Amino acid sequence: MQSTSRSFKQNAHHALQDATLQRALGNIKTGFQEKRRQVIAALPEFEALRDAGRDIKNHTLANLDFYLERFEERVTEAGGVVHWCRTPAEARQTILEICRRRNARTVTKGKSMIAEEIGLNEFLEANAIEPVETDLGEYIIQLRHEPPSHIIAPAIHVTREQIADDFRRHHSDLDPNRRLEEPRDFTDEARAKLRDRYFQADVGITGANFLIAETGSTVIVTNEGNGDMTQLLGKAHVVVASLEKVVPTLDDAATILRLLARSATGQEMSVYTTFSTGPRRPGDLDGPEEFHVVLLDNGRSAMLGTEFQEMLRCIRCAACMNHCPVYAAVGGHAYGWVYPGPMGAVLTPSLIGVEEAGHLPNASTFCGRCESVCPMRIPLPKMMRHYRTREYERGLAPGTVRAGLSLWSFLATRPSLYRFVTGMAAWTLGALGRRAGRFKSLPMAGGWTGVRDLPAPEGRTFHTLWAERQGAERRGSGGTGR
Amino acid sequence: MSSARDQILGSIRKSLGRGALEGEDAARLHRRLATPSRNLIPDRTAGLDRDGLARQLVGKLGEAACSVDEVASMAEVPGRIAAWLQRENLPARLVQAPALANGLDWSKAPTMEVKTGTADGSEDTSVTPVFAAVAETGTLMLLSDAPTPTGLNFLPENHVAVVRRSQVVGPLEDAWSKLRAARAEAGAAAAGAGMPRTVNLITGPSRTGDIEQRIQMGAHGPRRLHVIVVDD
């Protein structure tokens, strides 16, 4: 997928002006946030499970080569094949060859962020193979020729009026005057349309939430059952997964499963958690004849041992974006690539480079909610600060930012000068703004005053006030000091 | 040995600042895989007896939007299924898992049209056994095998699962232990370290929230999941 992360600022500006998008984004708070809060309140061990989940992933990452080799051995024993791919191009080519060997015309797809990362749909189409997305949200955005805007709710930016238009346009064999109003109407129509496609498909492609080294199993977690139909009815099951998805044992997966659905949709368990191991067995009445795991690196092995290693603990629950004020304001498309929100702000520059995606770590208020809700305790704000530092060191920050930071650091390392200058500034602004109490515009502060007024300072700096208060306390007359 | 494989493993080792694990380091990890140990398990089902586990399961199944029927013996199951289909205004025909062919006596529900095998998409209702039921979260564990084909769990609009009380476990880890024990006993260790092709953990009927985050049942899989808990 071609990134537009460079134009994050313009993307965000357009998103804020888009009334339809703003209406769609309004559902996040009552949906994801509230449900997560309730389900976590019902599990006293949740905080301790976060520690356990973090420890499992840390252990796995420290021994990643070992567990991947064991995983491959088990897959092979079960009659499957692991394909190691360094780059998106290698992964696409591997999948194409599997499809060609089966003379595939149609492939069904369960939801996979790795398939988005490698741009699989466009590539298959260019090679005369039709990819059919079967997750309802993915199906909607495929009809709209859009990328997902959220990692677990890909069509969260679309309203039902828009979906009604899309369905009428694409399902032109149906009665044009049929009712498309209630969510039920859309679900039923998509269910009927996609039923036939499952049976037509030559190959079924799914992602993976986990790979299990103990058993060689791949695991998908869904609510719709589309990923299950995809792998059940395709003649070959192809799993695309990045290498950090591996965990050692079924028991380790059980621990992380307790965190995943609660953090994602506020469920104790998603409806379907499916462990797939090899192709169908002799005597089985259904199931795929082939089983392939396309294992993608794409820069992840190079993140190990760096300050971004902890990002590889991410289980893609989307809690960080569901609680992010920036995501809630601009939605997922503004981030310009596959992964939006705080996890995307860290992962995107790691995968496609800080030159391409250096803006994203700036798309943060540093409120810290992402880290506080992350089930794997990933220090997202700290890593965004690392990227800001890199952006500055590489000279990628704009001239005004660099000049401003230089001026500030000059002053901040000279305390008496700093106090004098800030004192003068506070006094001057206080005097100028006394009457109105606010400024409608100020030189060099257009970025702020362009969209809102700047409250006028009251005339003294924090330093001055603090010194006065300390003095008062020492004299024993301060009533509130503790 | 592909070169991509070697390069990826090499890159991981370079980043971690070491070579391939050997000796005691590798042996320790092999032991961790061969004798899996449990991590923190929520207290929720600790100390529950058979009745307690069954009660917990029934409560959680309800929270997951399943309907539940409790019966005293397998002999009652066909009649109860027939009654449920009638109550839900569903056709009196179904497909049952081969595993149930000898266990369910349909002669007590003579109007029922019953076939045995997997589903092909034309059936309204399936009836399957389960391998285990996890009381912690109301989750059913179903395994693929010739007598229990996976298609039955997904293709029909209505899924009836028959759970015996003796199959109810507390946490998910107990279901894994039960699976490992069963596969070791069957001597099936050759394929996938004893795993069947598919292990389904199912918690309620299929649903989606993709239309404006409003939950709808029956996205692709069953619209209704009816669980019959049998006292054995």
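**Notes on the two-chain model**

1. Start at the strand contact between the chains: A:Thr273 sits opposite B:Leu201 in β9(B). A:Thr273 belongs to strand β9 (residues 272-276) of chain A, which is joined by 5 bridges to strand β9 (residues 198-202) of chain B, and the two run antiparallel. For the vocabulary: strands here are DSSP runs of E with at least two residues, helices are runs of H or I with at least four residues, and both are numbered from the N terminus. Two strands count as paired if DSSP finds at least two bridges between them.

2. A word on ground rules before going on. This is a predicted model, with local features needing pLDDT of at least 70 and side-chain atom pairs counting only at pLDDT 80 or more, while totals for chains, interfaces and linings use all residues. Residues are numbered from 1 along each chain as its sequence is written, and chains are lettered from A and ligands numbered from 1 in the order in which they are written.

3. Now the interface as a whole. Contacts link 82 residues of chain A with 65 residues of chain B, a contact being two residues whose C-beta atoms, placed from the backbone, lie within 7 Å. On the chain A side, helix α11 (residues 183-200) gives the largest share, 8 residues. By character, that side of chain A splits into 34 nonpolar, 26 polar and 22 charged residues. Here nonpolar covers Ala, Val, Leu, Ile, Met, Phe, Trp, Tyr, Cys and Pro, charged covers Asp, Glu, Lys and Arg, and the others, Gly among them, are polar.

4. Chain A has an open sheet of 6 strands in the order β1-β10-β7-β4-β2-β3, with parallel pairing. At its edges are β1 (81-85) and β3 (130-133), each pairing on one side only. From one strand to the next, the twist averages 25°; that uses axes fitted as lines to C-alpha atoms (for helices, over the stretch in contact), with angles running from 0 to 180 degrees between N-to-C directions. At the β3 edge, strand β2 (residues 106-109) of chain A joins β3(A) through 4 bridges in parallel, and A:Thr106 faces A:Glu130 in β3(A).

5. Two helices of chain A make a nice pair to look at. Helix α5 (residues 64-77) has 14 residues and its end C-alpha atoms are 20 Å apart, which agrees with the 20 Å it should span at 1.5 Å a residue. The expected span is 1.5 Å times one less than the number of residues. Helix α21 (residues 399-412) of chain A also has 14 residues, and from first C-alpha to last it reaches 20 Å, close to the 20 Å expected.

6. Which of α5(A)'s residues are buried? Among them are A:Leu64, A:Phe66, A:Tyr67 and A:Phe71, but A:Asp65, A:Arg70, A:Glu72 and A:Arg74 are on the list too. The helix is mostly covered, with 10 of its 14 residues buried. By contrast, the number buried in α21(A) is 0 of 14, so that helix lies largely in the open. Buried means 20 or more other C-beta atoms within 10 Å of a residue's own, exposed means 12 or fewer, and partly exposed is in between, with C-beta atoms placed from the backbone.

7. Some backbone spots to check. Just after α5(A), A:Gly79 takes a positive phi of about 95°. Most residues other than glycine have a negative phi. A:Arg377, not a glycine, has a positive phi near 50° and sits in the loop between α19 (369-373) and α20 (380-393) of chain A. B:Ala65 likewise is no glycine but has a positive phi of about 75°; its loop runs between α3 (50-63) and β1 (67-71) of chain B. A:Arg377 counts as partly exposed because it has 18 C-beta neighbours inside 10 Å, and B:Ala65 does so with 16.

8. Chain B has 6 helices and 12 strands, and 46% of its 232 residues count as buried. Its C-alpha trace spans about 70 × 40 × 40 Å along the principal axes. Strand β2 (residues 93-96) of chain B runs parallel to strand β3 (residues 113-116), joined by 4 bridges, with B:Arg93 partnered by B:Glu113. β2(B) also pairs in the parallel sense with strand β4 (residues 125-129) of chain B over 2 bridges, where B:Val95 is opposite B:Ser126.

9. Last, domains, whose bounds come from an automatic or database assignment. Chain A divides into domain 1 (43-302) and domain 2 (422-474), with C-alpha centres 54 Å apart. Chain B is given domain 1 (3-34) and domain 2 (45-230), and their C-alpha centres lie 41 Å apart.
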